[in-house]
Amino acid sequence: RSVWDAASAPARAGALRHLLGVAGGRAYPPATDALARLVAWLDDSGCGRRTLHRCVVAATAEQIRVQREARGLPTVPIFPGQEIAWDGRFTVALEQAEGGVAFAIGTLRRGEWADLRRRLTMPAPLDAALTLPVVRAGECLLAAPHLGVESPSATVRVSPLPGRTLAVRPFAVVSSPG
(Lines give C-alpha, C1' and ligand atoms only; values in the text may rest on other atoms or scores of the structure.)
Protein backbone atom coordinates (compact mmCIF):
# COMPACT_ATOMS: atom_id res chain seq x y z
CA ARG A 1 0.00 0.00 0.00
CA SER A 2 2.96 2.33 0.61
CA VAL A 3 3.90 1.99 -3.08
CA TRP A 4 0.38 3.08 -4.04
CA ASP A 5 0.54 6.09 -1.74
CA ALA A 6 3.99 7.11 -3.01
CA ALA A 7 3.05 6.97 -6.72
CA SER A 8 1.74 9.92 -8.68
CA ALA A 9 -1.97 10.06 -9.56
CA PRO A 10 -1.35 9.22 -13.26
CA ALA A 11 0.92 6.31 -12.28
CA ARG A 12 -1.71 4.92 -9.88
CA ALA A 13 -4.43 5.12 -12.52
CA GLY A 14 -2.16 3.59 -15.19
CA ALA A 15 -1.09 0.71 -12.96
CA LEU A 16 -4.66 -0.04 -11.93
CA ARG A 17 -5.83 0.14 -15.58
CA HIS A 18 -3.16 -2.41 -16.54
CA LEU A 19 -3.90 -4.73 -13.59
CA LEU A 20 -7.63 -4.68 -14.30
CA GLY A 21 -7.02 -5.48 -17.97
CA VAL A 22 -4.70 -8.40 -17.21
CA ALA A 23 -6.63 -9.86 -14.28
CA GLY A 24 -9.99 -9.38 -16.01
CA GLY A 25 -8.84 -10.82 -19.32
CA ARG A 26 -10.29 -7.99 -21.33
CA ALA A 27 -8.76 -6.75 -24.59
CA TYR A 28 -9.87 -3.19 -23.85
CA PRO A 29 -9.28 -0.93 -20.82
CA PRO A 30 -11.90 -0.16 -18.17
CA ALA A 31 -14.09 2.89 -18.69
CA THR A 32 -12.21 6.06 -17.77
CA ASP A 33 -14.89 7.43 -15.44
CA ALA A 34 -15.31 4.11 -13.60
CA LEU A 35 -11.53 3.82 -13.22
CA ALA A 36 -11.36 7.38 -11.84
CA ARG A 37 -14.05 6.54 -9.24
CA LEU A 38 -12.12 3.41 -8.20
CA VAL A 39 -8.85 5.34 -7.86
CA ALA A 40 -10.62 8.03 -5.81
CA TRP A 41 -12.11 5.36 -3.53
CA LEU A 42 -8.66 3.78 -3.00
CA ASP A 43 -7.14 7.21 -2.35
CA ASP A 44 -9.86 8.28 0.12
CA SER A 45 -10.69 5.33 2.34
CA GLY A 46 -10.03 2.36 0.16
CA CYS A 47 -10.89 -0.40 2.61
CA GLY A 48 -13.33 -3.04 1.45
CA ARG A 49 -14.19 -4.52 -1.93
CA ARG A 50 -15.24 -3.07 -5.25
CA THR A 51 -15.71 -4.65 -8.66
CA LEU A 52 -14.77 -3.33 -12.07
CA HIS A 53 -13.89 -4.86 -15.45
CA ARG A 54 -14.60 -8.49 -14.32
CA CYS A 55 -12.26 -7.94 -11.34
CA VAL A 56 -12.54 -7.67 -7.59
CA VAL A 57 -10.39 -5.00 -5.96
CA ALA A 58 -9.95 -5.89 -2.28
CA ALA A 59 -8.20 -3.25 -0.19
CA THR A 60 -7.04 -3.04 3.39
CA ALA A 61 -4.85 -0.49 5.12
CA GLU A 62 -1.84 -2.69 4.23
CA GLN A 63 -2.54 -3.99 0.71
CA ILE A 64 -4.52 -3.77 -2.49
CA ARG A 65 -5.36 -7.03 -4.29
CA VAL A 66 -6.77 -7.20 -7.82
CA GLN A 67 -8.11 -10.52 -9.09
CA ARG A 68 -10.61 -11.97 -11.54
CA GLU A 69 -14.21 -12.23 -10.34
CA ALA A 70 -15.37 -15.82 -9.85
CA ARG A 71 -18.32 -15.48 -12.21
CA GLY A 72 -18.76 -16.01 -15.92
CA LEU A 73 -15.73 -18.28 -16.11
CA PRO A 74 -15.93 -20.61 -19.10
CA THR A 75 -15.81 -24.38 -19.29
CA VAL A 76 -14.57 -25.49 -22.70
CA PRO A 77 -13.59 -28.84 -24.18
CA ILE A 78 -9.95 -29.53 -24.96
CA PHE A 79 -8.35 -32.45 -26.76
CA PRO A 80 -4.87 -33.96 -26.39
CA GLY A 81 -2.44 -31.97 -28.52
CA GLN A 82 -4.62 -28.84 -28.42
CA GLU A 83 -3.82 -25.39 -27.01
CA ILE A 84 -6.66 -22.99 -26.12
CA ALA A 85 -6.85 -19.35 -25.03
CA TRP A 86 -8.97 -19.48 -21.88
CA ASP A 87 -10.89 -16.54 -20.34
CA GLY A 88 -8.70 -13.95 -22.08
CA ARG A 89 -5.99 -14.60 -19.48
CA PHE A 90 -4.29 -17.94 -20.05
CA THR A 91 -3.16 -20.35 -22.71
CA VAL A 92 -3.93 -23.92 -21.68
CA ALA A 93 -2.32 -26.81 -23.54
CA LEU A 94 -3.14 -30.46 -23.05
CA GLU A 95 0.08 -31.74 -24.54
CA GLN A 96 -0.60 -35.41 -23.88
CA ALA A 97 -3.21 -37.42 -22.06
CA GLU A 98 -4.20 -41.05 -21.67
CA GLY A 99 -7.71 -42.41 -21.67
CA GLY A 100 -10.76 -42.11 -23.84
CA VAL A 101 -12.63 -39.58 -21.73
CA ALA A 102 -13.71 -36.05 -22.55
CA PHE A 103 -11.33 -33.35 -21.29
CA ALA A 104 -12.38 -29.82 -20.38
CA ILE A 105 -10.86 -26.61 -19.03
CA GLY A 106 -12.84 -25.00 -16.22
CA THR A 107 -12.37 -23.98 -12.61
CA LEU A 108 -12.21 -25.65 -9.22
CA ARG A 109 -15.44 -26.57 -7.54
CA ARG A 110 -15.87 -25.31 -3.99
CA GLY A 111 -16.07 -28.86 -2.64
CA GLU A 112 -12.63 -29.68 -4.07
CA TRP A 113 -10.94 -26.84 -2.23
CA ALA A 114 -10.97 -28.43 1.25
CA ASP A 115 -9.01 -31.44 0.02
CA LEU A 116 -6.59 -29.46 -2.14
CA ARG A 117 -5.59 -26.77 0.33
CA ARG A 118 -4.09 -29.36 2.67
CA ARG A 119 -1.69 -30.36 -0.12
CA LEU A 120 -0.70 -26.89 -1.33
CA THR A 121 2.95 -25.95 -1.20
CA MET A 122 2.15 -22.24 -1.48
CA PRO A 123 -0.70 -20.28 0.10
CA ALA A 124 -3.62 -19.53 -2.15
CA PRO A 125 -6.74 -17.62 -1.16
CA LEU A 126 -9.94 -19.50 -2.00
CA ASP A 127 -11.49 -16.65 -3.97
CA ALA A 128 -8.39 -16.45 -6.20
CA ALA A 129 -8.03 -20.23 -6.56
CA LEU A 130 -11.62 -20.48 -7.82
CA THR A 131 -10.73 -18.28 -10.82
CA LEU A 132 -7.75 -20.29 -12.08
CA PRO A 133 -7.91 -22.84 -14.91
CA VAL A 134 -8.03 -26.55 -14.16
CA VAL A 135 -8.28 -29.48 -16.54
CA ARG A 136 -10.80 -32.26 -15.95
CA ALA A 137 -11.02 -35.75 -17.36
CA GLY A 138 -14.74 -36.33 -17.31
CA GLU A 139 -15.83 -35.31 -13.80
CA CYS A 140 -12.39 -35.91 -12.22
CA LEU A 141 -9.88 -33.15 -11.57
CA LEU A 142 -6.86 -33.99 -13.72
CA ALA A 143 -4.60 -30.99 -13.18
CA ALA A 144 -4.59 -27.61 -11.45
CA PRO A 145 -1.13 -26.32 -12.44
CA HIS A 146 -1.29 -23.05 -10.46
CA LEU A 147 -1.96 -25.07 -7.32
CA GLY A 148 0.67 -27.73 -7.96
CA VAL A 149 -1.82 -30.49 -8.84
CA GLU A 150 -0.37 -32.64 -11.60
CA SER A 151 -1.35 -35.88 -13.26
CA PRO A 152 0.93 -38.82 -14.02
CA SER A 153 -1.17 -39.56 -17.11
CA ALA A 154 -1.21 -36.10 -18.71
CA THR A 155 0.94 -33.08 -19.41
CA VAL A 156 -0.86 -29.79 -18.93
CA ARG A 157 0.81 -26.45 -19.58
CA VAL A 158 -0.73 -23.15 -18.47
CA SER A 159 0.83 -19.79 -19.25
CA PRO A 160 -0.33 -16.17 -19.46
CA LEU A 161 -1.57 -15.08 -22.86
CA PRO A 162 1.06 -13.06 -24.72
CA GLY A 163 0.86 -9.44 -23.61
CA ARG A 164 -0.97 -10.47 -20.43
CA THR A 165 1.98 -11.01 -18.11
CA LEU A 166 2.51 -9.31 -14.78
CA ALA A 167 5.77 -8.62 -13.02
CA VAL A 168 4.38 -10.33 -9.91
CA ARG A 169 2.42 -13.59 -10.05
CA PRO A 170 0.92 -15.21 -6.96
CA PHE A 171 1.21 -18.75 -8.36
CA ALA A 172 3.48 -20.79 -10.60
CA VAL A 173 2.17 -20.90 -14.16
CA VAL A 174 3.74 -23.98 -15.80
CA SER A 175 3.29 -27.55 -14.68
CA SER A 176 4.00 -30.98 -16.14
CA PRO A 177 4.52 -34.40 -14.61
CA GLY A 178 8.07 -35.04 -13.53
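A residue counts as buried here when its relative accessible area is under 20%. Keep that cut-off in mind, because Asp-87, at 9% relative accessibility, falls on the buried side of it. This is a predicted model, so treat what follows as a tour of a prediction. Asp-87 sits in the loop between S5 and S6, and its backbone has a positive phi of about 60° although the residue is not a glycine. We'll meet another residue of that kind shortly.

Let's start with the sheet that comes early in the chain. Three strands make an open sheet in the order S1-S2-S3, and the pairing is antiparallel. Its edges are S1 (48-52) and S3 (64-68), each of which pairs on one side only. From one strand to the next, the twist averages 20°. S1 is joined to S2, residues 55-59, by five bridges, with the two strands running antiparallel. To find the register by eye, look for Gly-48, which stands opposite Ala-59 in S2.

Between those two strands is the loop that holds Arg-54. Like Asp-87, which has a positive phi without being a glycine, Arg-54 has a positive phi, of about 65°, and is not a glycine either. Is Arg-54 buried or exposed? Its relative accessibility is 19%, so Arg-54 counts as buried; the cut-off is under 20%.

Two helices pack on this sheet. Helix H2, residues 9-24, lies across S1, S2 and S3 and runs at about 35° to S3. Helix H3, residues 32-44, also lies across S1, S2 and S3, and its direction is about 170° to S1. A core of 15 residues includes Leu-20, Val-39, Val-57 and Ala-59. Leu-20 falls within the residue range of H2, Val-39 within that of H3, and Val-57 and Ala-59 within that of S2. Ala-59 is also the residue opposite Gly-48.

Now move along to the other open sheet. It has four strands in the order S4-S7-S8-S9, again with antiparallel pairing. S4 (76-78) and S9 are the edge strands, each pairing on one side only. The twist here averages 40° from one strand to the next.

You can walk across this sheet strand by strand. S4 and S7 pair in the antiparallel sense over three bridges, and Val-76 has Ile-105 as its bridge partner in S7. Four bridges then join S7 (residues 103-106) to S8, also antiparallel. Ile-105 turns up again in this step, with Val-135 as its bridge partner in S8. The last step goes from S8 to S9 (residues 140-143), an antiparallel pairing over three bridges, in which Arg-136 stands opposite Leu-141. The S8-S9 hairpin has two residues between the strands, and Gly-138 there takes a positive phi near 65°.

S8 deserves a pause. In a regular strand, side chains alternate between the two faces of the sheet. Which residues of S8 are buried on each side? Val-134 and Arg-136 are on one side and Val-135 and Ala-137 on the other; all are buried, and both faces of the strand are covered.

That brings us to the largest nonpolar core, which has 17 residues. Nonpolar side chains tend to be buried together in soluble globular proteins. The residues with the most contacts inside this core are Ile-78, Val-92, Leu-94, Ile-105, Leu-142 and Val-156. S5 (82-86), S6 (90-97), S7, S8, S9 and S10 (154-160) each supply at least two of its residues. The core of 15 residues described above is separate from this one.

Leu-142 is a good place to look around. Beyond its neighbours within four places in sequence, its contacts include Leu-94, Phe-103, Val-135, Arg-136, Ala-137 and Val-149. Val-149 belongs to the loop between S9 and S10, and is buried, with a relative accessible area of 13%. Besides Leu-142, Val-149 touches Leu-116, Arg-119, Leu-141, Ala-143 and Ala-144, again leaving aside neighbours within four places in sequence. Where does Arg-119 stand relative to Val-149? The two are 30 residues apart in sequence and 8.7 Å apart in space, C-alpha to C-alpha.

Conventions. Residues are numbered from 1 along each chain as its sequence is written. This is a predicted model: local features need pLDDT of at least 70, side-chain atom pairs count only at pLDDT 80 or more; totals for chains, interfaces and linings use all residues. Side-chain values use heavy atoms; hydrogens and water are left out. Two strands pair if DSSP finds at least two bridges between them. Axes are lines fitted to C-alpha atoms, for helices over the stretch in contact, and angles run from 0 to 180 degrees between N-to-C directions. Contact means heavy atoms within 4.5 Å. Buried means under 20% relative accessible area, exposed over 50%, partly exposed in between (1.4 Å probe, protein chains only). A nonpolar core is a set of buried Ala, Val, Leu, Ile, Met, Phe, Trp, Tyr and Cys residues joined through side-chain atoms within 4.5 Å.
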